[in-house]
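Okay, thanks everyone, let me get the model up on the screen. I'd like to walk through a few spots in it, so shout if you lose me.

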Amino acid sequence: MSDTTASGRRSRRQAQAVDVEETQPVENVAGEISPYELPGPARRTNVRKARRGYYAPKLPGAPSTTRQATVLNTALIGPSTGTQGVANGRDVLSHNLVTHDPVTAYNSVPRLISSPNTVVVGGVGGGKSSFVKTVCVIRPLVIRYRRAVIFDKKNRGGEGEYAELVREWGQGEPIRFTQDGSGSRLNLLDPLIVSQIGDAGTYRLLHAIIRIARDGAQLDVWDEKAARAALSKTLATFDAGRIATLGDILPWLGRVDAGDDDMSPASRDRLHQAGLGIRFTLEGLLDEYGGLLDGETSKGVDLTGKLTSFDISQLPAEGPSSNVIRAIGNQWMLGRLRSDPGWQTTCINEEGWDMVEGPAAHLLKSNQKLSRGLGLNNVFVFHKGTDIPKDSPGQTVISEAQSIYVFRQDRKDDADWAVRTFGFDPSTAEVLQTLQPGHFVFKYGSVPETHVQHVRSDIEVTLTDTDEGMRGDARKVQ
Ligand SMILES: Nc1ncnc2c1ncn2[C@@H]1O[C@H](COP(=O)(O)OP(=O)(O)O)[C@@H](O)[C@H]1O
Ligand SMILES: [Mg+2]
């Protein structure tokens with residue numbers, strides 16, 4: 001029975017008034033305009049025209065690009081990713097959740113991507129570190145048998161930028177490396193390294209270290225012969241009741257093997273000189289960074305719990321030390337992973353330019369298969385790719401990665417490089433140059449790229465908003 005009394009009508013009016021007041025415009029509530037709340041265009045109401053099939057909107061449509069238009073066709077466009085993996089953010093056009101996790105995608109049946117490696121590239125202040133800290137480090141930690149290892153190169157107040165995160169979510173402190181020897185040490189001839197990658201692998205590592213110490217210069221065949229001979233002699237004959245270390249190779253460098261006596265005196269002399277040259281290079285390295293490299297690996301160097309950081313932020317920005325530690329650390333990790341079968345390890349290479357551009361790229365490339373077998377996936381974070389030579393091992397490592405996140409690239413050259421390298425649509429070059437902090441272009445496997453906004457929780461914001469970022473002077477840092 002309906003209430004027709006005056007008081008009944010009044011109270012209904014009041015109730016309606018209250019309702020109206022409570023409905024806030026969506027842009028006030030959500031800080032943006034949702035397409036679902038806007039009134040649609042007026043439709044033809046003329047019955048006769050409607051009978052003849054004129055159902056089109058009366059207003060002319062707004063011009064739009066094919067890309068913008070596809071999103072309106074919900075029958076054609078689905079979410080750009082499935083729902084498995086880790087939340088990355090939301091698709092800027094459709095507002096769909098974008099989830100992706102390289103390990104999940106790589107291990108799903110059938111495989112969604114052919115490599116678990118990830119590339120994160122973009123200018124300073126674009127939001128790369130915030131993204132990696134949340135999407136690649138914190139969020140996957142809740143998944144069983146997952147862990148992250150970080151080579152943390154960026155100094156923030158006297159320690160690496162991940163130190164806080166490690167204290168909060170890991171077990172213990174970052175493993176610190178310092179030039180004065182007060183920190184930890186890594187031994188190039190650590191049994192974990194030699195037993196995992198073998199003599200040949202250890203030689204590749206030594207080769208990379210010599211090149212890094214020589215500022216990237218190539219070794220010639222004489223250098224290579226001298227270095228290989230000295231290393232195999234050390235590994236075969238060392239018996240001093242302790243583990244061999246980098247310093248133990250030095251006495252063998254410059255000696256010419258009796259087995260090489262079919263060489264002319266001039267050739268023997270050349271080989272002798274090549275050996276001495278390498279000895280001088282390694283001596284120089286040990287003189288300067290003895291505390292880091294000379295001796296057995298420190299006891300504290302281990303993978304603890306789900307989060308470990310190799311803090312290389314206090315090593316001098318100039319000079320080879322941080323790259324040497326990164327190269328040896330990477331190989332050490334391969335050896336260490338064997339004792340934890342079933343674990344999936346994400347290795348974050350922040351400021352990982354040298355890993356893809358320098359001599360270490362050779363190592364990475366040659367260890368790809370081994371890494372996969374041991375459940376290791378790498379995340380390379382760097383600013384731009386225009387300097388990476390074509391056909392270099394670094395270029396191969398990048399183009400093999402199947403999870404691509406490109407943050408703002410201010411310069412057209414850099415944006416064009418990304419478009420070329422990752423096979424983006426040409427129109428994406430312009431998008432890349434105007435991305436806001438926290439926005440990126442995402443591509444996995446051969447699925448076309450999407451513009452995504454990274455969304456962080458409140459806790460994540462406090463953990464990732466770097467001071468320099470908030471002061472707006474991020475560009476000066478690094
Ligand atoms: N998802 C995001 N949304 C909004 N702002 C962000 C987001 N991610 C990062 N930022 C802002 O950008 C600043 C720089 O981020 P950062 O991750 O340090 O960039 P990068 O590592 O690329 O230099 C942060 O301090 C923060 O203020
Ligand atoms: Mg950063």
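So, the lining of the second largest cavity: the residues there split into five nonpolar, two polar and no charged. For the classes, Ala, Val, Leu, Ile, Met, Phe, Trp, Tyr, Cys and Pro count as nonpolar, Asp, Glu, Lys and Arg as charged, and the others, Gly among them, as polar. The residues doing the lining are Ala-327, Asn-330, Gln-331, Met-355, Ala-360, Leu-363 and Leu-364. Helix H11 (321–337) and helix H13 (360–366) supply at least two of them each, and the volume is about 40 Å³.

Before I go on, the small print: this is a predicted model, where local features need pLDDT of at least 70 and side-chain atom pairs count only at pLDDT 80 or more, while totals for chains, interfaces and linings use all residues. Residues are numbered from 1 along each chain as its sequence is written, chains are lettered from A and ligands numbered from 1 in the order in which they are written, and side-chain values use heavy atoms, with hydrogens and water left out.

A cavity here is a set of points, on a 1 Å grid over the protein atoms alone, where a 1.4 Å probe fits but cannot get out, and lining residues have an atom within 4 Å of a point. Grid points are joined across faces, edges and corners, and the volume is the space filled by probe spheres set on the points. Helices (H or I, at least four residues) and strands (E, at least two) are DSSP runs numbered from the N terminus.

How many cavities of 30 Å³ or more does that rule give? Four. The largest has a volume of about 90 Å³. It has 13 lining residues, and the closest to its centre are Asp-101, Pro-102, Val-135, Cys-136 and Arg-146. Helix H5 (102–107), helix H6 (128–138) and strand S10 (376–382) each give two or more residues to that lining, which divides into seven nonpolar, four polar and two charged.

S10 takes us to the sheet. It's an open one, 11 strands with mixed pairing, in the order S2-S1-S13-S12-S11-S3-S10-S9-S4-S8-S7; strands pair if DSSP finds at least two bridges between them. Strand S2 (97–99) and strand S7 (175–176) are at the edges with a single partner strand each, so one side of each has no neighbour in the sheet. Further in, S3 (118–121) and S11 (403–406) pair in the parallel sense over four bridges, with Val-121 opposite Val-406 in S11.

Now the helix packing. The axes of H8 (191–213) and H10 (265–293) come within 10 Å and cross at roughly 75°; axes are lines fitted to C-alpha atoms, for helices over the stretch in contact, and angles run from 0 to 180 degrees between N-to-C directions. H8 and H10 are therefore roughly perpendicular, a label for 65 to 115 degrees. Leu-206, Ile-209, Ile-210 and Ala-213 in H8 meet Ile-278, Thr-281, Leu-282 and Leu-285 in H10, contact being heavy atoms within 4.5 Å. That's seven nonpolar, one polar and no charged.

H9 (221–237) comes within 8 Å of H10, axis to axis, crossing at roughly 70°. That contact has six nonpolar, two polar and three charged residues.

Last, two backbone oddities. The Val-109 to Pro-110 peptide bond is cis, with omega near -5°, and Pro-110 sits in the loop between H5 and S3. His-95, in the loop between S1 (87–91) and S2, has a positive phi, near 65°.

Terms used:
Angles under 35 degrees count as roughly parallel, over 145 as roughly antiparallel, 65 to 115 as roughly perpendicular and the rest as oblique. On a 1 Å grid over the protein atoms alone, a cavity is a set of points where a 1.4 Å probe fits but cannot get out, and a pocket is an open set with protein on both sides within 12 Å along at least five of seven lines; lining residues have an atom within 4 Å of a point.
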